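Biologist: Please take a close look at one part of this model, the lining of the largest cavity, and then follow the chain B elements around it. Which classes of residue does that lining have?

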Amino acid sequence: MKQAASALDMSVESDGTRSRSGITVKVMLFVAVVALAAAPHVTNIYYVSLGIPFMAYAVALLGFNLLFGYGGQLSFGHALFLAIGAYSSALAVRLTGNAAFELMLLFAVAAALAISIPLAWIASRFSGIFFGMLTLSFGMLFYSFLNKFYDLTGGDSGMNVPQPSLLGIDFSQVDKMGFLTGPFYYYCLALLIVSAWIMWRIVRSPYGLHLQASRDNEVKASYLGVKVRQVRAVAFVISAIYGSVGGAMLAISTGLADPELSYWQQSGHLVFMAILGGYQELIGPIAGALIFILLQDELQAATQYWRFFLGVVLALLVIGMPGGLLGTAKQILARWRR
Amino acid sequence: MATAASILIAGLFHGAALFLLTSGLQLSFGVQRIVNLACGSIYALGAYLGVSVTTWALAQGLPVPLFPLVLLASGLVAGLIGLPLERVLSTIYRRPESFQLLLTFSLILIFQDVLRFFWGAYPRQLPNVSMVYGSINVGGVQMPMYNLFVILAAVVIGVGLTWFLSHTTSGKVLRATAENRETSAAMGVNVRLVYLLVFTLGTTLSTVGGALVVPTAAASLQMGVELVVDAFAVIVIGGIGSMKGAAVGAVIVGLIRAAALFIYPEVDILATYAVVLIVLIWWPTGLFGKAL
C-alpha cells in the first residue's frame with residue numbers, strides 16, 4: 001500500500017498544471033455526461049441496455065474506491081453488498097407488496113447499514129492482506145447463507161425482482177427493454193451523477209483527508225489526532241451503502257437477486273474494474289466499469305473462450321499499466337504537454 | 001461411534017488434500033510474499049493431467065495397481081507450469097500486494113479456459129481404480145486403502161518438507177531469503193533462482209495433490225475457484241506463511257467439512273467460515289502465523 005501512496009504523490013503535480021488539468025477534467029466530465037445522456041438516442045439499443053449494469057457497477061465502485069483507493073483497504077468480499085442491495089430490493093416488494101424503486105433503495109440502504117456496522121467494527125482493526133481475507137470470509141459466509149437457507153432466500157435460484165415504478169409513475173405498460181433503455185436508464189444516470197457528486201464532496205472533506213492520511217501513514221496520522229480505526233470503519237459503512245445501491249440497480253436490470261452476486265469471483269471483478277480504470281482517481285473506477293463491461297461483452301460475443309482473452313488483457317494491463325487506464329492517459333497527456 | 005469414525009476418516013482425507021494444496025501456497029508466500037489466488041487452478045491442472053495420463057497408461061496395458069506412480073509422475077510434470085508462471089509474476093514483485101492478487105486472479109480466468117480447451121466442459125474422473133487395493137475397517141467404518149495412502153503421502157511430504165527447510169543447506173538458504181532478501185543477495189544467494197525454484201516447488205505440491213486425489217473425486221472446471229475458498233480458510237486458521245499452520249489448518253477445515261457433511265450438509269461453507277471469523281477475531285494472525 002505504501003507504494004500505491006507514493007504513486008499517488010507523483011500524480012499530484014505543481015499547482016499550475018493542476019488547475020489547468022482541473023478544467024480539462026471538468027470539460028471531459030461534461031462531455032461524458034452528455035454522451036451518456038444522448039446514448040439512448042444515438043447508439044444501438046443493445047449497447048444502451050448494457051448501460052444499467054455499467055452504472056450499477058459504477059456506483060458500487062465509487063464506494064469501493066473510497067475504501068481501497070482513498071483508504072488503502074483492499075476488500076476482497078465487496079460483492080457481498082451488491083447481493084445485500086439485490087436481496088433487500090426483492091424483500092422490499094415481498095414484504096410491502098409495493099414495487100416502488102425508492103422503497104427498494106430505502107430497504108437496500110437500511111440493510112447495508114444494519115449489516116455493515118458490525119462488520120466495520122470488526123474489520124477496521126485489520127489492514128493489508130488480513131483485511132482482504134476477513135472481507136473474503138464475510139462474503140463467503142453470506143454467499144453460503146444465501147445458497148443454503150432456501151425458504152428465506154430462494155437458494156440457488158434466487159429471488160425475483162419485478163419491474164419497479166419510478167417516482168410514483170407506473171411503467172408496467174412499457175416492455176422490459178424499453179424500460180431499461182428509457183426511464184430507468186435516465187433514473188440510474190441521475191443516481192450515478194448524484195452519487196459521484198456526494199463522493200466527490202466526501203473525499204474532499206476533512207473526513208476524506210483524514211482517511212487519506214491514515215492510508216499514507218497510519219502511525220503519523222494517529223499522532224496527528226486522526227482516529228484511524230473510526231475513520232476506516234466509516235469508510236467501510238459508506239462503501240457498503242454505495243455497494244448496496246449498486247446492487248439494487250443491478251437487480252432491476254437482471255430481474256433477479258442471485259446468490260452468485262456475492263461469490264468471491266464477483267468481488268474480484270470489482271477490484272479489477274477499479275484497478276483497470278485507475279484507483280488513484282475518483283472517476284477511474286467508473287471508466288474501469290465501462291471498459292470491463294464492454295470488453296466482456298465483445299469477447300463473449302466473439303469467442304466461447306472469452307475468459308482466456310479477458311484474463312490475458314487484464315494481466316497485460318496489470319503488468320503494463322500500474323496507474324490504470326486513466327492514470328496512464330494522464331501520464332501521456334502530461335508528457336505531451338511538456 | 002460409527003459417525004465419529006466416518007467424520008474422522010473423511011476429515012483427515014480432505015485435510016490431506018487441502019494440506020497439499022496449501023503447503024505450496026504457504027511456501028511461496030513465506031519466501032516470496034506472493035498470495036497466489038490461482039492455486040486452485042493449478043491443483044485442477046494436476047487433477048486433469050493425472051486423469052488423462054493415467055487413463056492413457058492403463059489403456060496401454062499398465063498393471064492397474066501401479067496407477068498411483070503414474071499419477072505421481074503426471075503431478076510432478078504438471079508442476080513445471082510454475083516455471084513460466086513465476087516469470088510472469090516476477091514482473092510485479094515490487095508492486096503493492098493488490099497487484100499480485102489481481103494478476104493471479106487473471107491467471108484463474110486464463111486457466112479456466114485453457115483447461116476447458118483441452119479437457120472440455122464436463123468433469124473428468126478415473127473410474128474403478130481407487131478400490132484395487134481394497135479397504136480396511138476402522139472403528140466399524142470401511143476405509144479405502146487408497147485414501148489411507150493419500151493421507152500417508154501428505155504426511156510424508158509434510159515431514160519431508162519440514163526436514164528440507166530446517167536441516168538442509170538449500171532449506172536454510174530459502175529461509176534466509178525469506179527473512180531478508182537483500183542480505184541474502186549480498187551473501188551471494190541468487191534470489192531470482194531461489195524464487196523460481198520455490199514457486200515451482202509450490203506449484204508442484206499443488207499439482208501432485210490434485211493428481212493424487214483425483215481417483216476419489218472428479219476434476220472439474222469449478223475446482224479452480226471453489227478450492228480457493230477452502231485454501232483461504234486453511235491459511236487464515238493456520239496462519240499465513242507457516243507450514244505447521246498449513247497442516248493444522250488443513251486438518252481443522254477437513255474435519256469441519258466432514259462433520260458438516262455427516263450431520264448437517266447445508267452448512268459446510270458456513271461452518272468453515274464461522275470458524276475462520278472466530279479465529280481471525282481472537283488470533284488475528286492465525287494459530288501459527290507471525291504478524292506482518
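Modeller: A definition is needed before the classes can be given: Ala, Val, Leu, Ile, Met, Phe, Trp, Tyr, Cys and Pro count as nonpolar, Asp, Glu, Lys and Arg count as charged, and the others, Gly among them, count as polar. The model is a predicted one. On these terms, the lining of the largest cavity has 10 nonpolar residues, 1 polar residue and no charged residues.

The structure holds 7 cavities of 30 Å³ or more, and the largest of them contains about 80 Å³ of space. Its lining draws on both chains: F76(A), I129(A), G132(A), M133(A), L136(A) and W264(A) come from chain A, while V35(B), L37(B), L101(B), V228(B) and F232(B) come from chain B. Two elements give two or more residues to this lining, namely α7 (128-148) of chain A and α10 (223-238) of chain B. The most is given by α7(A), with 4 residues. Because Gly counts as polar, G132(A) is the 1 polar residue in the lining.

Helix α7 of chain A also leads to another part of chain B. The buried residues of α12(B) pack against α7 of chain A, and against α10 and α11 of chain B. Those buried residues are I269(B), L270(B), T272(B), Y273(B), V276(B), L277(B), V279(B) and L280(B). Helix α12 of chain B covers residues 268-282; its 15 residues should span 21 Å at 1.5 Å a residue, and its end C-alpha atoms are 22 Å apart, which agrees.

The loop between α10 and α11 of chain B holds G241(B). This glycine counts as partly exposed, because its relative accessibility is 33%. Leaving aside neighbours within four places in sequence, G241(B) is in contact with Q26(B), F29(B) and G30(B). The C-alpha atoms of G241(B) and A44(B) are 22 Å apart, with the two positions 197 residues apart along the chain. Another loop, between α1 and α2 (39-59) of chain B, holds R33(B). R33(B) has a positive phi of about 60° although it is not a glycine, and its relative accessible area of 39% makes it partly exposed.

L101(B), one of the lining residues, falls within the residue range 97-119 of helix α5 of chain B. This helix has 23 residues and reaches 32 Å from its first C-alpha to its last, close to the 33 Å expected at 1.5 Å a residue. Of these 23 residues 19 are buried, so α5(B) is largely enclosed by the rest of the structure. Just after the helix, G120(B) takes a positive phi of about 80°.

Helix α6 of chain B, residues 145-167, likewise has 23 residues; they should span 33 Å at 1.5 Å a residue, and its end C-alpha atoms are 32 Å apart, which agrees. Its buried residues are Y146(B), N147(B), V150(B), I151(B), A153(B), A154(B), G158(B), L161(B) and L165(B). These pack against several elements of chain B, among them α7 (169-179), α9 and α11 (243-263).

Two of the elements just named, α7(B) and α9(B), meet through a pair of buried residues. T177(B) is found in helix α7 of chain B, and V194(B) is found in helix α9 of chain B. T177(B) is buried, with a relative accessible area of 1%, and V194(B) is buried too, with a value of 10%. Among the contacts of T177(B) are V194(B) and Y195(B), together with S184(B), V189(B) and V191(B). V194(B) in turn touches V31(B), V173(B), L174(B), T177(B) and V189(B). A polar atom of the T177(B) side chain lies 2.7 Å from the backbone oxygen of V173(B).

Further along α9(B), which covers residues 191-213, lies S206(B). At a relative accessible area of 3%, S206(B) is buried. Its side chain reaches the backbone oxygen of L21(B) at 3.4 Å. Not counting residues up to four places away in sequence, S206(B) touches L20(B), L21(B), C39(B), I42(B) and Y43(B).

To return to the request, the lining has 10 nonpolar residues, 1 polar residue and no charged residues.

Terms used
Residues are numbered from 1 along each chain as its sequence is written. Chains are lettered from A and ligands numbered from 1 in the order in which they are written. This is a predicted model: local features need pLDDT of at least 70, side-chain atom pairs count only at pLDDT 80 or more; totals for chains, interfaces and linings use all residues. Side-chain values use heavy atoms; hydrogens and water are left out. Buried means under 20% relative accessible area, exposed over 50%, partly exposed in between (1.4 Å probe, protein chains only). A polar contact is a pair of N or O atoms within 3.5 Å; within protein, one must be able to donate a hydrogen and the other to accept it, and residues adjacent in sequence count only if both atoms are side-chain atoms. Contact means heavy atoms within 4.5 Å. On a 1 Å grid over the protein atoms alone, a cavity is a set of points where a 1.4 Å probe fits but cannot get out, and a pocket is an open set with protein on both sides within 12 Å along at least five of seven lines; lining residues have an atom within 4 Å of a point. Grid points are joined across faces, edges and corners, and a volume is the space filled by probe spheres set on the points. The expected span of a helix is 1.5 Å times one less than its number of residues.
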